[in-house]
Amino acid sequence: MSICILAIDDSRTMRDLLRMTLEDAGFFVTTAEDGADGVQKLADANPDVIITDINMPVMDGFGFIETVRGSGRNKSVPILVLSTENSAELKDRARSVGATGWIVKPFNDTRLVSAIRRVARL
């Protein structure tokens, strides 16, 4: 069974890079361009793991995580933050709203795939 990923980033280049990396690793990938788009695609994607950026227009990563954690079906899905940010304050805030982990961009393909497999619990 393939692991399904919902990857949310406002950068088309980053979405394409994530899709390519994750599909090459055998994952099924749905992408979204911001948190609001991610919320809309969440039900159809039925992800095993969510990857989200923090700094995005319309709805940022914190708002997205809060929305997912407040919802029914997907509230226990692991959420990895993928961001250029690396401050302890932002990591603490992400954890407090329900993020599972934090990965700094640019990401290492092998480490990202390993982190996804670790949190997917499949």
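These are my notebook entries on helix packing, salt bridges and a few backbone features in a predicted model.

**Entry 1: the H3–H4 pair**

I began with helix H3, residues 61–69, and helix H4, residues 88–97, and found that they pack with their axes 9 Å apart and at an angle of about 20°. That angle makes H3 roughly parallel to H4, since angles under 35 degrees count as such. I also looked up the handedness, and H3 passes H4 in a right-handed crossing.

Which residues make the contact? On the H3 side I listed Phe62, Ile65, Glu66 and Arg69, and on the H4 side Leu90, Arg93, Ala94 and Val97. Sorted by class, the contact of H3 with H4 has five nonpolar and three charged residues, with no polar ones.

**Entry 2: salt bridges, starting with aspartate 9**

I then turned to charged side chains, for which the count comes to five salt bridges. As background, I noted that side chains of opposite charge can pair when their charged atoms come close.

One of these bridges joins the side chains of aspartate 9 and lysine 105, with N to O at 2.7 Å. The pair links distant parts of the chain, 96 residues apart: aspartate 9 sits in the loop between strand S1 (4–8) and helix H1 (12–24), while lysine 105 sits in the loop between strand S5 (101–104) and helix H5 (109–120).

Are these two residues buried or exposed? Aspartate 9 has a relative accessible area of 1% and is therefore buried, and lysine 105, at 13%, is buried as well, given that the cut-off for buried is under 20%. I also checked whether further residues belong to this arrangement, and recorded that Asp9, Asp53 and Lys105 are linked in a network of salt bridges.

**Entry 3: salt bridges inside helices**

In helix H2, residues 35–45, I looked at lysine 41 and aspartate 37, which are four residues apart and so separated by about one helical turn. They form a salt bridge in which the closest N and O atoms are 3.4 Å apart. Lysine 41 counts as partly exposed, at 32% relative accessibility, whereas aspartate 37, at 14%, counts as buried.

In helix H4 I looked at aspartate 92 and arginine 95, whose side chains meet in a salt bridge of 2.9 Å, N to O. Being three residues apart in H4, these two are likewise separated by about one helical turn. Aspartate 92 counts as partly exposed, with 43% relative accessibility, and arginine 95, with 51%, counts as exposed, because the cut-off for exposed is over 50%.

**Entry 4: lysine 75 and aspartate 16**

I next placed two further charged residues. Lysine 75 lies in the loop between H3 and strand S4 (79–83), and it is partly exposed, with a relative accessible area of 49%. Leaving out residues up to four places away in sequence, I found that lysine 75 touches Val68 and Arg69. The C-alpha atom of lysine 75 is separated by 9.1 Å from that of isoleucine 65, ten residues apart along the chain. Two of the H3 residues named here return from my first entry, as Ile65 and Arg69 both take part in the contact with H4.

Aspartate 16 is found in helix H1 and counts as partly exposed, at 43% relative accessibility. I looked up one C-alpha separation for it: aspartate 16 and threonine 31, which are 15 residues apart along the chain, are separated by 8.6 Å.

**Entry 5: backbone features**

Returning to lysine 105, I checked the peptide bond that follows it. Is the bond between lysine 105 and proline 106 cis or trans? It is a cis peptide bond, with omega at about -5°, and proline 106 lies in the loop between S5 and H5. Lysine 105 therefore appears twice in these notes, as a buried residue and as one partner in this bond.

I also looked up positive phi values outside glycine. Asparagine 46 has a phi of about 45° although it is not a glycine; it lies in the loop between H2 and strand S3 (49–52) and is partly exposed, with a relative accessible area of 43%. Valine 58, also not a glycine, has a positive phi of about 65°. Its place is in the loop between S3 and H3, and at 73% relative accessibility valine 58 counts as exposed.

Key
Residues are numbered from 1 along each chain as its sequence is written. This is a predicted model: local features need pLDDT of at least 70, side-chain atom pairs count only at pLDDT 80 or more; totals for chains, interfaces and linings use all residues. Side-chain values use heavy atoms; hydrogens and water are left out. Axes are lines fitted to C-alpha atoms, for helices over the stretch in contact, and angles run from 0 to 180 degrees between N-to-C directions. Angles under 35 degrees count as roughly parallel, over 145 as roughly antiparallel, 65 to 115 as roughly perpendicular and the rest as oblique. A crossing is left-handed if the near helix is turned anticlockwise from the far one by less than a right angle, and right-handed if clockwise. Contact means heavy atoms within 4.5 Å. Ala, Val, Leu, Ile, Met, Phe, Trp, Tyr, Cys and Pro count as nonpolar, Asp, Glu, Lys and Arg as charged, and the others, Gly among them, as polar. A salt bridge is a side-chain nitrogen of Lys or Arg within 4 Å of a carboxyl oxygen of Asp or Glu. Buried means under 20% relative accessible area, exposed over 50%, partly exposed in between (1.4 Å probe, protein chains only).
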